[in-house]
Amino acid sequence: MDKHNLDGDEAVRSTNDDASHCKRFAVQLGYWTDPYLPLLVRSTERKTPEINRGYFARVIGITNIIEKFIKAMEGNCQIVNFGAGFDTLYWKLLDAGLSVKKFVEIDFANVTSRKCHYIRNNDKLIRGLHSDDEEIRYSTSELHSGVYHLAAADLRKLSEVESKLVECSMEYNVPTLFLFECVLVYMPIQFSHALLQLIADKFSTTFCINYEQVNMTDRFGDVMLSNLRSRGCSLAGVEACASLKSQEDRFILNGWDGARALEMNQVYHSLISPVEIQRIEKIEFLDEKELLDQLFHHYCICVAWKDSLDLKLNLLTID
């Protein structure tokens, strides 16, 4: 891999730190509860109200979908979080009484090594990994327990991804949910297509949540792209982010039965309870409502499915 790609990879990895600090500040203000994130992200700086509300919509929208999936499967399911960074979803689901058969996180080795270090050195995080008959296995950049697995791989290299899924004892006939949060957009389109095709080929019943940019062909999208390029971070797969339809089509073209995408303004008003929205809108005064609307217009959640069990789950609704 040439130096240009290495520099770009480092910029992509730094987005984990950016997102983690944004989430940490929103948690600090009370947008949602996460007692585990401060154990992985020690300090943060002030973020704007628009950013805080954006992360609230992202985290709560995705969490609501995942919880609905687990409940529908009665726990007989698996979750794979690609590009997981310092996400704490596994521990939050445990606190909510929602267990699964396998929970796998895969990211670059220099991200997983840091997370592995933090987990090993914190009793609160370790306690969630223990089971009666399985010991926890560690390496420099990986951690494997009975249910939770933290593994290192480059998602552009399918052989690495496949071998990690095998190492984590994934079962291909068990309903499995895959999660991507601003991950596919950093991969050249041929690599993200190949990864989505691999999942569809390997797993008989699978669902996917993809949180990512959308409507990126307008002036606001151009500014977003320019800002990222100035930080050495290009969106190599941005062509899939032209519209909600292009977000859906990437799955249909790669072996999935169907997909449905919603802009974040739709998610905010249809997948999050009005009581929660009313609560968080009192936390901070929002001076730039138009900016928040623009941000919501340029991010989406796409849910895709390959449903061999004919489950007919509609995950994009609120109970």
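## The second largest pocket

Let's start with a hollow: the second largest pocket has a volume of about 200 Å³. This is a predicted model, so treat the pocket, like the rest, as a computed picture. Which residues lie nearest the centre of the second largest pocket? They are Trp32, Thr33, Ile60, Thr63 and Glu67, out of a lining of 15 residues. Three helices each give two or more residues to that lining: H3 (49–73), H4 (89–95) and H12 (274–280).

As for chemistry, the lining of this pocket mixes seven nonpolar residues with five charged and three polar ones. Finding a space like this comes down to a simple idea: rolling a probe the size of a water molecule over the atoms shows where empty space is left.

## The chain as a whole

Stepping back, the protein chain is built from 13 helices and nine strands. Its C-alpha trace spans about 55 × 45 × 40 Å along the principal axes. How does the radius of gyration, 19 Å, sit with what a compact globule would have? For 319 residues such a globule would come out near 20 Å, so the chain's value agrees. Burial can be put in a number too: 55% of the 319 residues count as buried.

## Aromatic pairs and a cluster

There are 17 aromatic pairs in the structure. One of them joins Tyr211 and Tyr299, with ring centres 5.5 Å apart and planes at 10 degrees; that angle is under the 30 degrees cut-off, so the pair counts as stacked. Tyr211 belongs to strand E7 (residues 205–213) and Tyr299 to strand E9 (residues 299–307), so here the contact links distant parts of the chain, 88 residues apart. Are these two tyrosines buried or exposed? Both Tyr211 and Tyr299 are buried.

Elsewhere, one aromatic cluster is made up of Tyr36, Tyr90, Trp91, Phe103 and Tyr148. A member of that cluster, Tyr36, also has a charged neighbour: Lys124 lies over the face of the Tyr36 ring, at 5.4 Å from the ring centre. Another charge-over-ring arrangement involves Arg120, which lies over the face of Tyr138 at 4.1 Å from the ring centre.

## Positive phi in two loops

Two residues are worth a look for their backbone angles. Ser169 is not a glycine, yet its phi is positive, near 55 degrees. You'll find Ser169 in the loop between helix H7 (158–167) and strand E6 (176–181). Ser169 has a relative accessible area of 44%, so it counts as partly exposed.

Asn215 is the other one, with a positive phi of about 55 degrees although it is no glycine either. Asn215 sits in the loop between E7 and helix H9 (219–230). Is Asn215 buried or exposed? With a relative accessibility of 15%, Asn215 counts as buried, because the cut-off for that class is under 20%.

## Three residues along the chain

Glu10 has its place in helix H1 (residues 3–29). Its relative accessible area is 43%, which makes Glu10 partly exposed. How far apart are Glu10 and Pro175 in space? Their C-alpha atoms are 33 Å apart, and in sequence the two residues are 165 residues apart.

Over in strand E9 there is Trp305, which counts as partly exposed at 28% relative accessibility. The C-alpha atoms of Trp305 and Arg260 are separated by 9.2 Å, with the two positions 45 residues apart along the chain. Thr317 is in the segment after E9. At 30% relative accessibility, Thr317 is again partly exposed. From Thr317 to Ala236 the C-alpha separation is 31 Å, and the two are 81 residues apart along the chain.

Definitions and conventions:
Residues are numbered from 1 along each chain as its sequence is written. This is a predicted model: local features need pLDDT of at least 70, side-chain atom pairs count only at pLDDT 80 or more; totals for chains, interfaces and linings use all residues. Side-chain values use heavy atoms; hydrogens and water are left out. On a 1 Å grid over the protein atoms alone, a cavity is a set of points where a 1.4 Å probe fits but cannot get out, and a pocket is an open set with protein on both sides within 12 Å along at least five of seven lines; lining residues have an atom within 4 Å of a point. Grid points are joined across faces, edges and corners, and a volume is the space filled by probe spheres set on the points. Helices (H or I, at least four residues) and strands (E, at least two) are DSSP runs, numbered from the N terminus. Ala, Val, Leu, Ile, Met, Phe, Trp, Tyr, Cys and Pro count as nonpolar, Asp, Glu, Lys and Arg as charged, and the others, Gly among them, as polar. Rings of Phe, Tyr and Trp (its six-membered ring) pair if their centres lie within 6.5 Å; planes under 30 degrees apart count as stacked, over 60 as edge-to-face and the rest as tilted. Buried means under 20% relative accessible area, exposed over 50%, partly exposed in between (1.4 Å probe, protein chains only). A charge sits over a ring if NZ of Lys or CZ of Arg is within 6 Å of the ring centre and within 35 degrees of the ring normal. The radius of gyration is taken over C-alpha atoms; the globule rule is 2.2 Å times the number of residues to the power 0.38.
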